[in-house]
Amino acid sequence: MNKILLVYASKKGMTETLAELIKEDLGQIDLVNINEKQADPKLYDKIIIGSPIYIGKIHKKIKAWIQQNQDSLLSKTTAVYLCGMNFNEEKQVIENNFTKSEINHLFIKYLGGAYRFDRLNFLEKFMIKKITGESQSRQEIHQDVFKELISYIQA
Ligand SMILES: Cc1cc2nc3c(=O)[nH]c(=O)nc-3n(C[C@H](O)[C@H](O)[C@H](O)COP(=O)(O)O)c2cc1C
């Protein structure tokens, strides 16, 4: 029986929603919000990491956790899902936020994202409206990537 850890950070809740959907699909896994608890990847066989993207960057606690645990993560089955809305910047975001060995050894993909206007402050609403022209809440989940991630972890 493989022990699976899913560690994530989320500011507006969508990375957490995706974590819960993954847990629903995989069954028995340990879900850890990095802002609430420590997580030791050495205690697990397989690791899933979830991070939101804000202004092109992954969450800083997730970045630090990946750096701290790099050897362990590179030696195991590790998948990183990114939660963001600019899917066309996926390649650039991955290149800017991950090392070459992480890119070569880990599964790293945009899984989906959301604009939740009810949870944005005035400035965030203003930015999103100005940059994207959008003002309604909506969410997207890439079902093909979702399936790929599940198969990667189950393999
Ligand atoms: C101020 C702001 C900046 C954002 N910048 C990016 C970005 O650079 N790239 C991207 O793909 N998505 C961007 N997004 C979309 C978020 O990644 C998206 O809302 C995601 O669902 C956030 O995850 P969370 O709900 O777990 O915090 C941005 C959203 C906001 C509000």
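In UniProt, an unreviewed entry lists residues 4-146 under the heading "domain: Flavodoxin-like". In the predicted model examined here, the chain over residues 4-146 is 39% helix and 28% strand, and the C-alpha atoms at the two ends of this stretch are 16 Å apart.

The ligand occupies the space that forms the largest pocket, and it is surrounded by 21 residues, of which Ser10, Thr15, Ile53, Tyr54 and Ala114 are the closest. When the residues of this shell are sorted by class, 12 are nonpolar, 7 are polar and 2 are charged. Three elements of secondary structure, namely helix H1 (14-26), strand E3 (46-54) and strand E6 (107-115), each supply at least two residues of the shell, and the largest share, 4 residues, comes from E6.

Polar contacts with oxygen atoms of the ligand involve both side chains and the backbone of the protein. An N or O atom in the side chain of Ser10 is 2.5 Å from an oxygen atom of the ligand, while a polar side-chain atom of Thr15 lies 2.6 Å from a ligand oxygen atom. For Met85, by contrast, the atom concerned belongs to the backbone, where an N or O atom lies 3.0 Å from an oxygen atom of the ligand. Taken alone, the ligand exposes 640 Å², and 94% of that area is buried by the protein.

Key
Residues numbered from 1 in each chain as written. Predicted model: local features only at pLDDT ≥ 70, side-chain atom pairs only at ≥ 80, totals over all residues. Heavy atoms only, no water. Near = heavy atom within 4 Å. Polar contact = N/O pair within 3.5 Å; in protein donor to acceptor, adjacent residues only side chain to side chain. Areas by Shrake-Rupley, 256 points an atom, 1.4 Å probe, with all protein chains shown as cover. 1 Å grid on protein atoms, 1.4 Å probe; cavity = no way out; pocket = protein on both sides within 12 Å on 5 of 7 lines; lining within 4 Å. Sits in = over half its atoms within 2 Å of the grid points. Nonpolar A, V, L, I, M, F, W, Y, C, P; charged D, E, K, R; others polar. UniProt positions renumbered as here; feature names shortened; annotations may be inferred.
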